[in-house]
Amino acid sequence: MDHTEVEVLTARDVPLGGPRAMTVRRTLPQRARTLIGAWCFADHYGPDQVAASGGMDVAPHPHTGLQTVSWLFSGEIEHRDSLGTHAFVRPGEINLMTGGHGIAHTEVSTPGTTVLHGVQLWVALPDAHRHAPRAFQHHAPKPFRVDGAELRVFLGTLAGDTSPVTTFTPLLGAEILIDAGATVTLDVDPAFEHGLLVDEGDVRLDGTALRPAELGYAAPGRTTVTLTNSSGRAARTVLLGGPPFGEEIVMWWNFIGRDHQDIVTAREEWERASDRFGEVTGYPGDRLPAPALPNAVLTPRRNPKPHA
């Protein structure tokens, strides 16, 4: 792909969690693109009226080989994990959990939440760190203004602001609120590829129109990205980025590995309540059982090679 082009990735609706699943819009992964940098998973949900939808109630479930990034626009989610963390996800505050070798956690919207709205993101860990120990980080980035936009940088560096949250590969994550009718041009690392997720508003990324829930992909080579809000009200977007992730990964359920056997082993250890994942305390319910493995061998996925 020519670095001047923007690829538009559309979302699909996916039920999240167990029997009381809420529906989310998933833009990563998909056939056209598995990763943007090390970002390998993007769920976008809401605004959901909790009284009608039931909110979020995800029972204890495992992760391997990744970091989870929780970012809310409205509402509140209670987080518990097998590291012993009991924390809350609140609007404008990042909660990043490392589930390298293995972790388990729960996510439940709080009783006071009336509208639930946000994104859930995953980051693939590079092979050298994919068995990293459990960890949890929290940060509340201060909003600041650039031209016609308000920014909150929750990972990496943008517009001179740097997040203190540590990751295993270079990453960018920022919420950008663009004023009605405004255009903002931001300097970016040309070694990064970028994805712009539109939450609300009529937004153009370097001239390409994106509708709400779509993700615009921009290949490496850019030194700037230009975001235009052509609507009569503020537009909310999330900008993700990182250098292309050169490794192939196998993603299945909540696990990331490098081959089929990695997934088989992780699933078996979860099903027998292995110490690998630990135990989540304080959740009034059972663990989520792992789904059945497909009959076929799980094969690694990587992004398509760029066109010359």
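**Exercise 1. Work out which strands line the largest pocket, how much space lies in it, and what kinds of residue surround it.**

Solution, step by step:

1. Start with the strands. β2 (12–16), β3 (22–28), β4 (39–49), β5 (57–63), β10, β11 (115–124) and β25 (250–252) each bring at least two residues to the lining of the largest pocket. Keep in mind that this is a predicted model.
2. Now rank them. β2 gives the largest share, with 4 residues.
3. Go to the centre. The lining has 33 residues, and those nearest the centre of the pocket are Arg26, Phe41, Trp122, Trp253 and Asn254.
4. Get the volume: the space in the largest pocket is about 800 Å³.
5. Finish with chemistry. The lining residues split into 17 nonpolar, 9 polar and 7 charged.

**Exercise 2. Find how many cavities of 30 Å³ or more the model has, and describe the lining of the largest cavity.**

Solution, step by step:

1. Count first: there is 1 cavity of 30 Å³ or more.
2. Check the volume, which is about 50 Å³ for the largest cavity.
3. List the wall. Its residues are Thr68, Ser70, Ile77, His79, Val89, Asn95, Met97, His105, Glu107 and Phe136.
4. Sort them by type, and you get 4 nonpolar, 5 polar and 1 charged.
5. Map them back to strands: β6 (66–74), β7 (77–81), β9 (94–99) and β10 (103–109) each supply at least two of the lining residues.

**Exercise 3. β10 supplies residues to the lining of the largest pocket and of the largest cavity. Is β10 enclosed or open to the outside, and which strands pair with it?**

Solution, step by step:

1. Use the cut-off: a residue is buried if its relative accessible area is under 20%.
2. Apply it to β10. Here 7 of the 7 residues are buried, so the strand is largely enclosed by the rest of the structure.
3. Split the strand by direction. Ile103, His105, Glu107 and Ser109 point one way, while Ala104, Thr106 and Val108 point the other way, and all are buried.
4. Tie this to the cavity: His105 and Glu107 are among the residues that line it.
5. Look for a partner in β5. β5 and β10 are antiparallel, with 5 bridges between them, and Ile103 of β10 is the bridge partner of His63.
6. Do the same for β7. This strand also pairs with β10 in the antiparallel sense over 5 bridges, and Thr106 in β10 has Arg80 opposite.

**Exercise 4. Give the strand order of the 7-stranded open sheet and of the 4-stranded open sheet, and say which strands stand at the edges.**

Solution, step by step:

1. Recall the basics: strands of a sheet pair through backbone hydrogen bonds, either parallel or antiparallel.
2. Trace the sheet of 7 strands. Its order is β1-β22-β19-β24-β17-β14-β13, and the pairing is antiparallel.
3. Pick the edges. β1 (6–9) and β13 (144–146) each have a single partner strand, so one side of each has no neighbour in the sheet. From one strand to the next, the twist averages 25°.
4. Zoom in on the β1 edge. β1 and β22 (residues 215–218) run antiparallel and are joined by 4 bridges; Leu9 has Leu215 in β22 as its bridge partner.
5. Trace the sheet of 4 strands, which goes β18-β23-β20-β21 with antiparallel pairing.
6. Its edge strands are β18 (183–187) and β21 (208–210), each pairing on one side only. The twist in this sheet averages 25° from one strand to the next.
7. Close with the β21 edge. β20 (residues 203–205) and β21 run antiparallel, joined by 3 bridges, and Arg204 stands opposite Ala209 in β21.

Key:
Residues are numbered from 1 along each chain as its sequence is written. This is a predicted model: local features need pLDDT of at least 70, side-chain atom pairs count only at pLDDT 80 or more; totals for chains, interfaces and linings use all residues. Side-chain values use heavy atoms; hydrogens and water are left out. Two strands pair if DSSP finds at least two bridges between them. Axes are lines fitted to C-alpha atoms, for helices over the stretch in contact, and angles run from 0 to 180 degrees between N-to-C directions. On a 1 Å grid over the protein atoms alone, a cavity is a set of points where a 1.4 Å probe fits but cannot get out, and a pocket is an open set with protein on both sides within 12 Å along at least five of seven lines; lining residues have an atom within 4 Å of a point. Grid points are joined across faces, edges and corners, and a volume is the space filled by probe spheres set on the points. Ala, Val, Leu, Ile, Met, Phe, Trp, Tyr, Cys and Pro count as nonpolar, Asp, Glu, Lys and Arg as charged, and the others, Gly among them, as polar. Buried means under 20% relative accessible area, exposed over 50%, partly exposed in between (1.4 Å probe, protein chains only).
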